[in-house]
Amino acid sequence: MTEQNTAEAAPVAETAAAAAVPAAAPAAAPGDRRKLFAALRWKAAVLVFAAVGAGVTYGITRPERTDIPGLSTRNDGRWTYPTLAKPALPAGAPLAQGPDNKAGTHYAPLTGLLLPAPEGAKPDEGVKTDKDGAVSVDAFLEEYAPDGRAKLKEVLEHEGLRQIAGRGWTMPDGTRTHVYLLRFHAEGFVDAWRGCNVNTQPAGAPVLELDRSWREAEDAQPSPPRPIAGYAGGLDARRINLYQEPRPAGGEEQTKLGCLQAGDVQGVVIQTRKSGVATVPFHQTVILQSQLLG
C-alpha cells in the first residue's frame with residue numbers, strides 16, 4: 001500500500017454538471033501545516049470536503065505520502081482507500097453542516113455516507129445487512145454483550161431511531177472492521193443515546209478504557225475547536241471519542257471502539273484483531289468516516 005487517502009481540501013466544480021472534476025486546493029502555510037500535524041502526532045491526515053450548493057458531489061484527492069509532514073515512511077501500516085465522494089443531495093436539500101441546517105440533519109442516503117472498504121479488504125459477513133444495506137436493530141445489537149442487548153433495544157426502538165446502515169470488511173492481517181451509522185429523528189436523540197461510550201460492553205470485550213494516543217492528540221487541539229489548516233471548519237474532537245480494550249497478552253483478540261456524533265447520525269466503528277488492533281488504521285478509519293459525515 002503506497003498512498004494515504006486522507007488529504008487536504010479539494011473544492012469541486014461550481015455546477016452540478018461539472019461536479020465530478022475536483023480542483024486542487026491551495027497549499028497550507030508551512031506554519032499551519034506544522035501546527036496541525038504536531039497536534040495529530042503522526043496520525044492519519046484528515047479528509048476535507050468543500051460544497052458548492054445542494055445536489056452536487058464532493059471529490060477528495062489523495063496526496064503522495066511524502067507530501068505529508070511526519071508521514072514520509074511508506075510502511076507505517078495505513079490502509080489505502082479508494083477515492084471517496086459524498087453522495088449527491090436531493091434537490092434543494094441543505095448540507096448537514098451548512099449554515100441553513102442548524103439541526104445537522106443528513107438528507108443524503110445513509111448508505112452513501114458509509115466509508116467504503118480499503119484496498120485488499122474482503123467483505124465481512126459479521127455485518128448483517130439486507131439488500132439495500134440496512135441493518136436491523138437485532139443484528140446491530142449482536143455487537144454487544146448479551147446481557148445489555150434488551151435495554152439497548154428498548155432505547156433504540158422508543159427513543160428516536162430511524163435507520164441503521166452498516167458495512168464490514170476484513171484485511172489480510174486479520175483486522176476486522178465493522179462500521180455502523182445510526183440515524184435518529186434529531187440530534188438530541190443522538191446526545192441521549194448511551195450505546196457508545198467508555199461503559200459500552202462490546203461482545204467479547206467487557207472492559208474498555210480511553211484510547212490514550214487519541215486523547216493526547218485531542219488535548220493538543222485548541223479549545224474550543226477553531227478552523228485550522230487541513231480541516232473543514234476544524235476537527236471537533238468533542239464529537240469523536242475512541243476507546244480500546246486493554247491490550248491482551250499473547251495472541252488474544254483486542255477490540256477498539258470509535259464513537260462519532262454528527263447531527264442526527266451516530267457513527268460506530270469497531271475494529272478487532274488478534275494480538276492487538278494497530279493504531280494508525282484505526283484512527284485513519286475513524287477520521288475518514290467522521291469527515292464523510294461532516
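Let's start in the middle of the sheet: β5 and β9 run antiparallel and are joined by 8 bridges. One of the contacts across that seam puts Y180 opposite V268 in β9. Keep in mind that all of this comes from a predicted model.

**The sheet around that pair**

Zooming out, the protein has 6 helices and 9 strands. An open sheet takes in 7 strands, in the order β3-β4-β5-β9-β8-β7-β6, with antiparallel pairing. The edges are held by β3 (122-123) and β6 (209-210); each has a single partner strand, so one side of each is left without a neighbour in the sheet. At the β6 edge, the partner is β7 (residues 240-244), and the two strands pair in the antiparallel sense over 2 bridges. If you want to find that spot in the viewer, look for L210, whose bridge partner in β7 is Y243.

On the other side of β9 from β5 sits β8. β8 and β9 pair in the antiparallel sense over 10 bridges, and one place to see this is Q261, which has Q266 as its bridge partner in β9. The two strands form a hairpin with 2 residues between them, and there G263 takes a positive phi near 60°. As for cover, β9 is mostly tucked away, with 8 of its 10 residues buried.

Here are three of the strand pairings side by side:

| Strand pair | Sense | Bridges |
|---|---|---|
| β5 and β9 | antiparallel | 8 bridges |
| β8 and β9 | antiparallel | 10 bridges |
| β6 and β7 | antiparallel | 2 bridges |

**A helix on the sheet, and the cores**

What packs on the sheet? Helix α6 (residues 279-293) does. This helix touches β4 (161-170), β5 (176-184), β7, β8 (253-262) and β9 (265-274), and its direction makes about 20° with that of β8.

Now for the greasy parts. In soluble globular proteins, nonpolar side chains tend to be buried together. Here the largest nonpolar core counts 29 residues, and the members touching the most others are L115, W169, L181 and V286. Two or more residues each come from β4, β5, β7, β8, β9 and α6. The biggest giver is α6, with 6 residues. Another core lies apart from this one; it has 23 residues, including V137, L141, W193 and I270.

**An aromatic cluster**

Back to Y180, which turns up again in a set of rings. F140, Y144, Y180, F184 and W193 form one aromatic cluster. The protein has 5 aromatic pairs. One of them is F140 with Y144, an edge-to-face pair at 5.5 Å centre to centre and with 70° between the planes. F140 also pairs with Y180: the ring centres are 5.0 Å apart and the planes sit at 75°, so this pair is edge-to-face as well. F140 belongs to helix α2 (residues 137-141) and Y180 to strand β5, so the pair ties together parts that are 40 residues apart in sequence.

Are these rings buried or exposed? F140 and Y144 are both buried. For F140 the relative accessible area is 0%, and Y180 is buried too, with a relative accessible area of 0%.

**The disulfide**

There is 1 disulfide in the structure. It joins C196 and C259, with the sulfur atoms 2.0 Å apart. The link is left-handed, at -85° about the S-S bond. What does it connect? C196 lies in the loop between α4 (187-192) and β6, while C259 is in strand β8, so the pair ties together parts that are 63 residues apart in sequence. Both C196 and C259 are buried.

**The overall picture**

Across the 294 residues of the protein, buried ones make up 48%. Counting contacts with a separation of 6 or more, 70% come from residues 24 or more positions apart.

For a spot with some exposure, try V155 in helix α3 (residues 146-158). With a relative accessible area of 23%, V155 is partly exposed. The C-alpha atoms of V155 and F189 are separated by 10.0 Å, and the two residues are 34 apart along the chain.

Note on methods: Residues are numbered from 1 along each chain as its sequence is written. This is a predicted model: local features need pLDDT of at least 70, side-chain atom pairs count only at pLDDT 80 or more; totals for chains, interfaces and linings use all residues. Side-chain values use heavy atoms; hydrogens and water are left out. Two strands pair if DSSP finds at least two bridges between them. Helices (H or I, at least four residues) and strands (E, at least two) are DSSP runs, numbered from the N terminus. Contact means heavy atoms within 4.5 Å. Axes are lines fitted to C-alpha atoms, for helices over the stretch in contact, and angles run from 0 to 180 degrees between N-to-C directions. A nonpolar core is a set of buried Ala, Val, Leu, Ile, Met, Phe, Trp, Tyr and Cys residues joined through side-chain atoms within 4.5 Å. Buried means under 20% relative accessible area, exposed over 50%, partly exposed in between (1.4 Å probe, protein chains only). A disulfide is a pair of cysteine sulfur atoms within 2.5 Å. Rings of Phe, Tyr and Trp (its six-membered ring) pair if their centres lie within 6.5 Å; planes under 30 degrees apart count as stacked, over 60 as edge-to-face and the rest as tilted.
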